[in-house]
Amino acid sequence: MSDQILAALAGQPNSGKSTIFNMLTGARQFVANYPGVTVEKKVGYFSEGGRKIELVDLPGTYSITSYSMEERVTRDFILHDQPTLVVNVVDAANLRRNLYLTFQLLEMERPLLLDLNMIDVARKHGQEIDQDELARRLGVRVLVSDGKRGVGRVELRQAIAEAQGAVSNFRIDYGPLEPALERLQELLAAQPGLAGRCPVRWLALKLLEGDEKAQELAAKHAAQDWPELQKSLEAERQRFQQEHGLPTFRHIAFRRHETAEEIGRAVIHHKNQRGRSFTDMADRLLCHRVAGPLIMCGVFYLLFELAVNQGGQLAAMVTPWLSRGQGWLESFLPVAGFMEEPLISSLASWFMTSVSALLVYLPQFFILFSLIAILEDVGYMPRMAFMLDRIFRRFGLHGNSTLPFILGGIYVGGCAVPGVMACQAVPDERARLATILTVPLMNCLAKTAFYIMLVEAFFPEHKAGAMFFISTITLVMALPIARILTMTVLKGRETAPFIMELPTYHLPTLRSVLTRAFERIWTYIRKVLTIVAAVAVVIWALLQFPGAPAQIQAEFEAQGVAAKAAFAKAIAGTPLAAALPGEAELMSLFSFREAYRADKAAAAGDAVSSKAVDERYQAMNPVFFEAVKDRRAKTYKAFNKLRQQRDGLWRQMQQARINSSILGRMGKFLEPVSQWAGFDWRVNVAMLSSFAARESATATFKALYGIGNDGKYDGSAMLGSGTDKPITPLNATALMIFMALFPPCLATTIMVRVATRRYSWMLFSFAYPSLLGILAASLIYTGGGALGLSGWQAMWAYFGLACVFALIMGLLPETKRTKEVVQ
């Protein structure tokens, strides 16, 4: 007997398989992905009875065919990796339906252990399952468990460790199809290339079902004889349909369901049967045609409020601690000078800032993942998808696409990062990718601030109408865009028959919710730290090189020298002047201030802690402390002025570097195209540089447009040459639409890479909105200008066109897919 065991967990969705996986493996697990696909591969380890067990949590699937990626991954793992034991986790309260997958696993002729999970729910429904009779009929060992409460953990671990490799001799009698099945088995068994690759009876069944991947397998390993095999196969199919009036694949499915019913009648005993169950009564309200959508809107609002708004407040509390951590790490880097920064320090700071920009979302993600786990455990998530799928499927989306859109800011004030992360709940690959690529079009908080700035400056008399326009136009545009994507670049992507299961309602357990929340958080952190390294360095290089011209850099340095001379003169004769003999000491003063501010921010709201920070820093260096704290002191005023001058020079240097960088040259290169949208190269550079963080766009454009702190625009030209024209409301409308369609920020782009596991989709998520944005903005600016429309008129003309286009796309014939609702 080998000391190593490879076991696989297989089961239908909502069977509690992942809960069993967590119960067996605890924290010893990791998440990867299967080669060549985007399906997650969860692997865990544990030891039992002196044997080491590697446990693989296979994707949840209703059957083992080639319709979906999850089904193929499950089948290929069992066929090619040949696990020592397959643990089939079934929902004990829905045994008949779950046996449909059990039969297919048994037909693959691997040792199997049946686990009746959620046995407590079955008993609450008055069901008693005869384990011995079920084990006798199936020829496998049968155990019971309740994964949420840890019941059955010891027995399951022992059973897996005792796996002997015995295969059940259970077979479904396919009745009139058996002669054809036997003839086909004989032909396949005669092929040496197929020997040992897969069970012959299983392959024969799959060929009779018309399984495409089974046909590819047979054609590959029986290449010379495949044409004759294919003729025999087709003849058997046609003969059976002519004689029995039923396709072979349908007869096979019927016999499996009939066998499941026969076994169910023999092993399930009903006791204390009552009238309508709680699930039935709850669904009368929660899935009601009128009340259901209203309740669902309330649930969405609660999710949005807790995950985005309340989570945002927690994120604000985490930010100072991240800043302190970043400051501590930066203290090990080469010290920046007054007017220069070492490249290694610049790169490291950029990298840490990029990581912090993603880690700051941890509180929101933890709340989001916990709430999603609750909705999944309760059983409400499938019901939301069921109610919304009728609308969303018209645009190639899925009912589960709703939550990502809500979190992304389907109205205003969301965040695309948790929205993209929530797309994991979309089971259909094509719909999932379409959702991932359109969620960034929603109105995140940073975009909202930008819209408010433009509305206040250019539409002060129509604030409510303009905000309604920008709040709704994003969804109106996103839906037809999703449909176009599914009809073009996503057309060849996997789309499984749509099966919607409405499980019974359950009370979630704290352990289950927290386990899944922490598991997803840890996965997020690991992926962020690896992917940021690649993306952040590329963006930094594009903004950094080749650098500002030497002449401009020399001018900035001369201004820096003048600022330092003025500072030295202002503090002459003070203790601070004696403490700053050179530039190194001056930079120590800047570092002292940054450390002090970070500690004060961390102590915000706590008067005792704040006072302790003051006392600690005053004792550390009383001269420096006076310069950074005492507003009445001469040294404070002089240092504050120097700091503002240095910050201004650094911003100008950064802007000059960006203008001369690869990104800046891209802005100038794009000007011949962007001019049709009313943008010159400065706007292009500002928009491209805001890719790192949308929040910077508002401040940049306030300076660019000359918008004052009161939110008003004085009608002057843009900053630049005297030939630049003033900005009009038509420009502002074009700019709002462009921002709505503008590619996602760096954090969201990284999340697209995390969610899709492909750099190609990450780049596509940047490219296609850029093209659509410039086309839409050009339509508004150039088209509106040609028609003599004002910004307000162009806004609503565009809204009308977008609504008509969305209606047309929604009325196009749907892509055919099967829909089945299982109660």
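How many contacts beyond four places in sequence does the model have for residues 817-823, over which pLDDT stays under 50? The model has 28 such contacts for residues 817-823. The legends below refer to a predicted model.

**Figure 1. Overview of the protein chain in the predicted model.** The protein chain holds 823 residues, of which 54% count as buried. Its secondary structure consists of 35 helices and 11 strands. Among contacts between residues at least 6 apart in sequence, 76% join residues at least 24 apart. The mean pLDDT of the chain is 82, and 86% of the residues reach 70 or more.

**Figure 2. Two segments over which pLDDT stays under 50, residues 32-38 and residues 817-823.** For residues 32-38, the model has 26 contacts beyond four places in sequence. For residues 817-823, the corresponding number is 28. In both views the pLDDT values should be read together with the contacts: pLDDT remains under 50 throughout residues 32-38, and likewise throughout residues 817-823.

**Figure 3. N22 in helix α1.** Helix α1 spans residues 17-25 and includes N22. In UniProt, an unreviewed entry lists N22 under "binding site". Is N22 buried or exposed in the model? With a relative accessibility of 10%, N22 counts as buried, because the cut-off for that class is under 20%.

**Figure 4. Crossing of helices α26 and α27.** Helix α26 comprises residues 607-620 and helix α27 residues 622-629; their axes come within 6 Å and cross at roughly 130°. Helix α26 is therefore oblique to α27, since this angle lies neither in the range 65 to 115 degrees nor over 145. On the side of α26, the contact is made by D614, Y617, Q618, A619 and M620. Helix α27 contributes P622, F625 and K629. By residue class, the contact of α26 with α27 divides into 5 nonpolar, 1 polar and 2 charged residues.

**Figure 5. Surroundings of V623 in helix α27.** Which residues are in contact with V623, leaving aside its neighbours within four places in sequence? They are P575, L576 and A579. The C-alpha atom of V623 is separated by 9.7 Å from that of L589, a residue 34 places away along the chain. V623 has a relative accessibility of 24% and therefore counts as partly exposed, as this value falls between the 20% limit for buried and the 50% limit for exposed.

Terms used. Residues are numbered from 1 along each chain as its sequence is written. This is a predicted model: local features need pLDDT of at least 70, side-chain atom pairs count only at pLDDT 80 or more; totals for chains, interfaces and linings use all residues. Side-chain values use heavy atoms; hydrogens and water are left out. UniProt positions are given in the numbering used here, feature names are shortened, and annotations may be inferred rather than shown by experiment. Helices (H or I, at least four residues) and strands (E, at least two) are DSSP runs, numbered from the N terminus. Buried means under 20% relative accessible area, exposed over 50%, partly exposed in between (1.4 Å probe, protein chains only). pLDDT is the predictor's confidence in each residue, from 0 to 100. Contact means heavy atoms within 4.5 Å. Axes are lines fitted to C-alpha atoms, for helices over the stretch in contact, and angles run from 0 to 180 degrees between N-to-C directions. Angles under 35 degrees count as roughly parallel, over 145 as roughly antiparallel, 65 to 115 as roughly perpendicular and the rest as oblique. Ala, Val, Leu, Ile, Met, Phe, Trp, Tyr, Cys and Pro count as nonpolar, Asp, Glu, Lys and Arg as charged, and the others, Gly among them, as polar.
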